[in-house]
There are 2 protein chains.
Amino acid sequence: MAPRDTKAKILEAALELFRERGYEAATMRAIAKRARVSLGNAYYYFGSKEHLIQAFYDRTHAEHIAAVGLELGASKDLRGRLLWVMRKKLETIQPYHQFASVLFRSASDPTSPLNPFSRESEPVRREATAVFARVVDGVHAISKDLREELPNLLWLYHMGIVLYWIHDESEGQWRTWKLMERSVDLIAKVVAVASMSGLGPVRRKILALLRDLRADEEHEAPGTAQ
Amino acid sequence: MAPRDTKAKILEAALELFRERGYEAATMRAIAKRARVSLGNAYYYFGSKEHLIQAFYDRTHAEHIAAVGLELGASKDLRGRLLWVMRKKLETIQPYHQFASVLFRSASDPTSPLNPFSRESEPVRREATAVFARVVDGVHAISKDLREELPNLLWLYHMGIVLYWIHDESEGQWRTWKLMERSVDLIAKVVAVASMSGLGPVRRKILALLRDLRADEEHEAPGTAQ
DNA sequence: GTCTATAACCGGATAGAC
DNA sequence: GTCTATCCGGTTATAGAC
């Protein structure tokens, strides 16, 4: 069998078992067995169990980008564009909510390559941030200095919403939806106010701090938190 | 030997080994050996390795409260008081930096009792929030509506700083210190500006959202993220 | 019934033969 | 690239000491 098929077969078995039994019960041995492959062989293709989870992330990430589309819902203001992206995000990850806690556990381990702040996740993070850059680019009424920091800030905001979503056990995660819609509203308003440069010194200080943080990261990234 | 001493000895050994070798290398067998106790005995007192982490968590929390003291450094303005609390926090956790990543791994697992948003952590979270309430209480120039939300917000802020710290590999975590000091400065300024109620509607909307989120939590907490 | 110790068990990960 | 055999460490079962 072609190596590519073997790898796909293992991944398929893993995703099946994750869905059927959850993360803990889906042992590497069971995955290998389901894929009719030896344990060692499974490890030949996937360095660790975590690498199998990465498939989930990559998939939902790709799905989100596709769902967002090229025109971002054709909206022209920040509120509409951000709302579109966030809605698509929540819709994309919704089917995985019951597994999310386990799947995202490794994501929050700073030593894990799955961590969104890690070197390995940088490509995905960059792509995700690019989506928010597109959100911002389509809007006129944003001051230049703010425009520069906004994509990163929005990405961070979206991570916060996802974190809330993970913990949200309300029916259909309606609380997350409510929070998301109200906070998107707020963000649009705050950006509007801030863009009129009404609060000179404080605003400048905030932007300077954000700029410095990004500069530090360029060298040897500790993270983007806060 | 009295049981209490045995338990303390095991915890002591565990913390030592966590500090010396980090979490992975500090095996339960090594911990038991260091404590001159059998493996089974260690498990008699601590149901799992996670329980040892919980003990660590409780201890640093208590240390922080003690370090903060009753007068919060005798400062009278928000900047000084918050700075004092945050400095004590970073000083308290500093010795455990290399093992902190693991602490946070389980802490961010929504199914883990260690999760700061979990039911089990509620007492600690409440105590920690109380510290920030004391920070706020000692300051005069804060508007009433803001004063109500601030303790929770500051707790959340402090979690963000800790998250940054965990990822921060700079010498002595100087980046975290810099970020902390600058952001404390900013928070004090923002609170000052916001307390003069200059930005009516936006400010009211933000506070209303925060109030609603807290109200939701009262019933069946999904989390306090963002 | 409270504590301690030893010997498994289980699953993630690795080594090395083919 | 695929296998088998093995390691390693968290966890559990269980036997016994006080």
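**Arg29(B), the DNA strands and a helix check**

User: What makes the Arg29(B) side chain a polar contact of DNA strand D?

Analyst: An N or O atom in the side chain of Arg29(B) sits 2.6 Å from a base nitrogen of DNA strand D. A polar contact is a pair of N or O atoms within 3.5 Å (within protein, one must be able to donate a hydrogen and the other to accept it, and residues adjacent in sequence count only if both atoms are side-chain atoms), so this pair qualifies. Bear in mind that this is a predicted model: local features need pLDDT of at least 70, side-chain atom pairs count only at pLDDT 80 or more, and totals for chains, interfaces and linings use all residues. Residues are numbered from 1 along each chain as its sequence is written, chains are lettered from A and ligands numbered from 1 in the order written, and side-chain values use heavy atoms, leaving out hydrogens and water.

User: Which backbone atoms lie by a phosphate oxygen of DNA strand D?

Analyst: A backbone N or O atom of Ser38(A) is 2.8 Å from one, and for Met28(B) the distance is 2.7 Å.

User: What makes a residue count as near DNA strand D, and which come nearest?

Analyst: One of its heavy atoms has to lie within 4 Å. Of the 16 residues around the strand, Ser38(A), Tyr45(A), Met28(B), Arg29(B) and Lys49(B) come nearest. Helix 3 of chain A gives the most, 4 residues (helices, H or I, at least four residues, are DSSP runs numbered from the N terminus).

User: How do you know that Arg29(B) also has a polar contact with DNA strand C?

Analyst: An N or O atom in its side chain is 3.5 Å from a base nitrogen of DNA strand C, so the pair is within the cut-off. On the phosphate side, a backbone N or O atom of Met28(A) lies 2.7 Å from a phosphate oxygen of that strand, and a polar side-chain atom of Tyr43(A) lies 3.1 Å from one.

User: Why does the length of helix 4 of chain B agree with its residue count?

Analyst: The expected span is 1.5 Å times one less than the number of residues. The 20 residues, 49-68, should therefore span 28 Å, and the end C-alpha atoms are 29 Å apart, which agrees.

User: Why is Lys49(B) called buried?

Analyst: Buried means under 20% relative accessible area (exposed is over 50%, partly exposed in between; 1.4 Å probe, protein chains only). Lys49(B) is among the buried residues of helix 4 of chain B, as are Leu52(B) and Phe56(B). The DNA doesn't enter into that, because the area uses protein chains only.

Terms used. Helix = DSSP H or I, 4+ residues; strand = E, 2+ residues; numbered from the N terminus.
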